[in-house]
Amino acid sequence: DNIAYIAMEYVDGIGLREYLNRKARFEFQQIVAILTQLLSALDFAHSQGVVHRDIKPANLILTSSGALKVADFGIARVDASNLTMTGMVMGTPSYMAPEQCQGLPSDHRADLFSVGVVFYELLTGTKPFDGSIESITYRICHEEARPPSALSPLALPPAVDAMMATALAKHPDDRFQHARAFHFALRLAAGDAHPVRPGGETTVMNLSDVPLQAGGHVFDDASLTTAERRLVKFVGPMARIFVRQAAAQAHDSRELYALLAERIDDPAERDRFTRLASGDASGSRTAPTSGALRSGSNPSGRAATTATRSRAARPLDQPFVERTTTRLAVYMGPIARVIARKAAQQAHDAEEFVRLVAEHLGTQERDAFVRDLDADA
């Protein structure tokens with residue numbers, strides 16, 4: 001009926017953003033395997049006239065076998081389409097090419113710039129261009145990134161710095177002109193004397209030995225959804241944020257539920273949640289928790305009552321709105337101001353405001369966003 005839609009396979013894996021959030025340390029050959037698969041996927045998409053326009057770690061899913069899947073073609077552009085116009089800025093600021101930041105026409109080479117940013121972050125643990133939304137866009141358009149060899153804990157091949165400079169070139173004509181050229185340079189830098197065309201082989205890797213920062217169990221989405229569904233009966237809509245925060249600290253399911261139980265003020269309700277959630281959790285040791293976001297007990301699952309809000313909730317003030325908007329813009333770009341303004345009109349307190357704006361982010365980026373707010377508090 002003239003309705004456009006995308007049918008997607010279910011991918012059982014973990015987003016690359018989550019690995020980076022947990023300070024994963026990939027070996028250089030593992031990074032090459034990730035980039036090889038990414039470039040292979042983009043080579044195929046570009047050959048079909050499709051430009052992704054939002055390549056970033058949150059849209060890259062790694063299966064348990066190490067196979068990479070490129071997700072979320074939600075703002076992809078098909079060549080010769082009229083779905084977007086010059087002057088429209090779309091994408092995620094930290095990973096956008098200069099022409100995207102300026103609202104200029106862009107093509108598949110913008111995707112390859114974004115691949116360069118992902119590559120840089122995998123090598124160094126930091127983005128080449130960071131800061132507020134204004135400083136990010138300025139740096140992308142006018143400043144050169146530091147050579148990755150100056151920041152990376154890895155022993156990088158000498159060719160990597162020059163390859164990165166090409167990938168992050170300000171003008172599209174100075175970059176790799178297609179995914180195959182990027183892939184060729186990558187394989188040469190990795191010491192492969194016989195580079196192959198992307199798509200000519202499937203490169204997988206063992207992710208079980210990738211070191212993660214302490215607090216390091218990676219929960220699948222189904223487990224987190226179940227935990228959220230159980231917790232929402234006691235704390236209301238903040239359950240989503242609490243579950244993601246606890247998952248970043250917990251080593252296993254028992255510790256996850258122990259951390260979540262700490263979010264419930266009433267001892268009887270806390271005990272009921274523990275028994276409802278997990279028989280094993282009832283005997284686990286409760287770990288201390290902290291953070292800027294916390295709500296009182298709310299067994300009904302509805303928004304907090306006025307009495308509860310006045311007792312525990314944090315009032316919403318303009319400096320907090322502005323600080324949150326600035327942080328949100330790093331993930332969403334200029335649209336963050338519109339989202340924050342509407343959320344501020346609806347929210348009764350700071351916790352509800354954060355929940356409303358965070359709902360506009362993907363799961364992995366929501367985790368990082370909330371952690372950033374906690375760190376700023």
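This report walks through some salt bridges, one buried serine and two helix pairs in a predicted model.

## Salt bridges across the chain

Let's start with the charged side chains. The model has 12 salt bridges in total, and a few of them are worth a visit. In one, D43 pairs with R180, with 3.1 Å from N to O. D43 sits in helix α2 (residues 28-47) and R180 in helix α7 (residues 179-189), so this salt bridge ties together parts that are 137 residues apart in sequence. The two partners differ in how much surface they show: D43 is buried, with a relative accessible area of 7%, while R180 is partly exposed at 33%.

Another one to look up is R109 with D173, where the closest N and O atoms are 2.7 Å apart. Here R109 belongs to helix α4 (residues 108-124) and D173 to the loop between α6 (159-167) and α7, so the pair joins parts that are 64 residues apart in sequence. R109 is buried, as its relative accessible area is 13%, which falls under the 20% cut-off. This pair has company, too: D107, R109 and D173 are linked in a network of salt bridges.

## A salt bridge inside one helix

What about a pair within a helix? R355 and E352 form a salt bridge with their side chains, at 3.7 Å from N to O. Both are in helix α15 (residues 350-358), and because they are three residues apart there, about one helical turn separates them.

Are these two residues buried or exposed? R355 counts as buried, at 15% relative accessibility. E352 is buried as well, with a relative accessible area of 16%.

## S94, a buried loop residue

Now for a residue in a loop. You'll find S94 between β5 (77-78) and α3 (98-101). With a relative accessible area of just 1%, S94 is buried.

So which residues does S94 touch, leaving aside its neighbours within four places in sequence? The list is V117, K127, F129, I136, I140 and V330. One of these contacts, V117, falls within the residue range of helix α4, which runs over residues 108-124.

## Helices α9 and α10

Next come two helix pairs. Helix α9 (residues 239-247) packs against helix α10 (residues 253-261) at an angle of about 135°, and their axes are 9 Å apart. That angle makes α9 oblique to α10, and the crossing is right-handed.

If you want to see who does the touching, look at F242, V243, A246 and A247 on the α9 side, and at L256, L259 and L260 on the α10 side. Sorted by class, the contact of α9 with α10 has seven nonpolar residues, with no polar and no charged ones.

## Helices α13 and α14

The other pair is helix α13 (residues 318-332) with helix α14 (residues 335-346). Their axes come within 8 Å and cross at roughly 140°. Again, the angle makes α13 oblique to α14, and this crossing is right-handed.

From α13, the residues taking part are V321, T325, L328, A329 and M332; from α14, they are I335, A336, R337, I339, A340 and A344. How do the residues of this contact divide by class? Nine are nonpolar, one is polar and one is charged.

Terms used: Residues are numbered from 1 along each chain as its sequence is written. This is a predicted model: local features need pLDDT of at least 70, side-chain atom pairs count only at pLDDT 80 or more; totals for chains, interfaces and linings use all residues. Side-chain values use heavy atoms; hydrogens and water are left out. A salt bridge is a side-chain nitrogen of Lys or Arg within 4 Å of a carboxyl oxygen of Asp or Glu. Helices (H or I, at least four residues) and strands (E, at least two) are DSSP runs, numbered from the N terminus. Buried means under 20% relative accessible area, exposed over 50%, partly exposed in between (1.4 Å probe, protein chains only). Contact means heavy atoms within 4.5 Å. Axes are lines fitted to C-alpha atoms, for helices over the stretch in contact, and angles run from 0 to 180 degrees between N-to-C directions. Angles under 35 degrees count as roughly parallel, over 145 as roughly antiparallel, 65 to 115 as roughly perpendicular and the rest as oblique. A crossing is left-handed if the near helix is turned anticlockwise from the far one by less than a right angle, and right-handed if clockwise. Ala, Val, Leu, Ile, Met, Phe, Trp, Tyr, Cys and Pro count as nonpolar, Asp, Glu, Lys and Arg as charged, and the others, Gly among them, as polar.
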